[in-house]
Amino acid sequence: MNTLRLLRPLQLSLKIERNYGKHNKKFLYKDGKKYENIFYYPRTPDHQDPPIEPAKLFRVQRIKPVKGNPYWEKRLLKELGLDGKQSDFTVVKNIPENNARLWKIKHLIKVSPVTFPYGEPTAQDIKHTILKENGECLVTKQIGPVEQRCKARQEYDQQPKRLDTDLLRKDARLKWLNPW
């Protein structure tokens, strides 16, 4: 009993107030910066975004079926050439008209920017380009004959102890006939 009497004066009374109604957006979000029609709220007042170079091309792949979608979405998929197999993809330019089309069917497609880690291909490199699934466009040029490889091949052919097909076949036959 004595301990309860001692604890009661030590207890603090907390009063919780709830404010019902709308919050004041001008007060809560007063530090925003306006870029055209968008308000941006940086974490720190001196925050600067890093410069971004937008991709010139997009790799677009359909990930959802065409069946069951409205006719305008089917028409957009057909215009982009994505009405065939689901694994098919297309490459489109990063321009506002194409971006508006892709935005309308964003729930049906997967868009990845095309990057060129080893530089953009030239007209002569078109036969040797590979576009990966993650959007990397790689240029694999043909490898011509290298003099070191030619010399090494000639030296190998001239070695008397090399392992050629006839020697391997003869050795395997002898081991088969006399295993121990």
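## Exercises on a predicted model

A nonpolar surface patch of about 380 Å² is formed by Tyr-156, Leu-163, Leu-167 and Leu-168; patches are made of residues with over 30% relative accessible area and no salt bridge, like charges being joined within 9 Å and nonpolar side chains (Val, Leu, Ile, Met, Phe, Trp, Tyr) within 5 Å. A salt bridge is a side-chain nitrogen of Lys or Arg within 4 Å of a carboxyl oxygen of Asp or Glu, and accessible areas come from the Shrake-Rupley method with a 1.4 Å probe, where for residues only the protein chains shown count as cover.

The model is predicted, so local features need pLDDT of at least 70 and side-chain atom pairs count only at pLDDT 80 or more, whereas totals for chains, interfaces and linings use all residues. Residues are numbered from 1 along each chain as its sequence is written, and side-chain values use heavy atoms, with hydrogens and water left out.

**Exercise 1.** Find the place of Leu-163 and decide whether Leu-163 counts as buried or exposed.

*Solution.* Begin with the elements: helices (H or I, at least four residues) and strands (E, at least two) are DSSP runs, numbered from the N terminus. Leu-163 lies in the loop between α5 (147-158) and α6 (165-177). Next comes the accessibility, where buried means under 20% relative accessible area, exposed over 50%, and partly exposed in between (1.4 Å probe, protein chains only). Leu-163 counts as exposed because its relative accessibility is 56%.

**Exercise 2.** Work out the order of the strands in the open sheet that holds β3, and say which strands stand at its edges.

*Solution.* Two strands pair if DSSP finds at least two bridges between them. Strand β3 (residues 57-62) is joined to β4 by 5 bridges, and the two run antiparallel; β3 and β5 are likewise antiparallel, with 5 bridges. The 3 strands therefore give an open sheet in the order β4-β3-β5. At the edges stand β4 and β5, each with a single partner strand, so one side of each has no neighbour in the sheet. From one strand to the next the twist averages 30 degrees, with axes taken as lines fitted to C-alpha atoms (for helices over the stretch in contact) and angles running from 0 to 180 degrees between N-to-C directions.

**Exercise 3.** Follow Phe-58 to its bridge partners in β4 and β5, and then describe the faces of β4.

*Solution.* In β4 the bridge partner of Phe-58 is Val-92, and in β5 it is Pro-113. Leu-57, in turn, stands opposite Lys-93 in β4. Strand β4 (residues 89-93) has Thr-90 and Val-92 on its covered face, while Phe-89, Val-91 and Lys-93 make up the uncovered one. As for β3, 5 of its 6 residues are buried, so this strand is largely enclosed by the rest of the structure.

**Exercise 4.** Compare the surroundings of Ser-112 and Lys-132, taking accessibility and then contacts.

*Solution.* Ser-112, found in strand β5 (residues 109-113), is buried because its relative accessible area is 9%. Lys-132 sits in the loop between β6 (129-131) and β7 (137-139), and its 37% relative accessibility makes it partly exposed. Contact means heavy atoms within 4.5 Å. With neighbours within four places in sequence left aside, Ser-112 is in contact with Phe-58, Arg-59, Glu-133, Asn-134 and Gly-135, and Lys-132, on that basis, with Arg-59 and Leu-138. Arg-59 thus appears in both lists.
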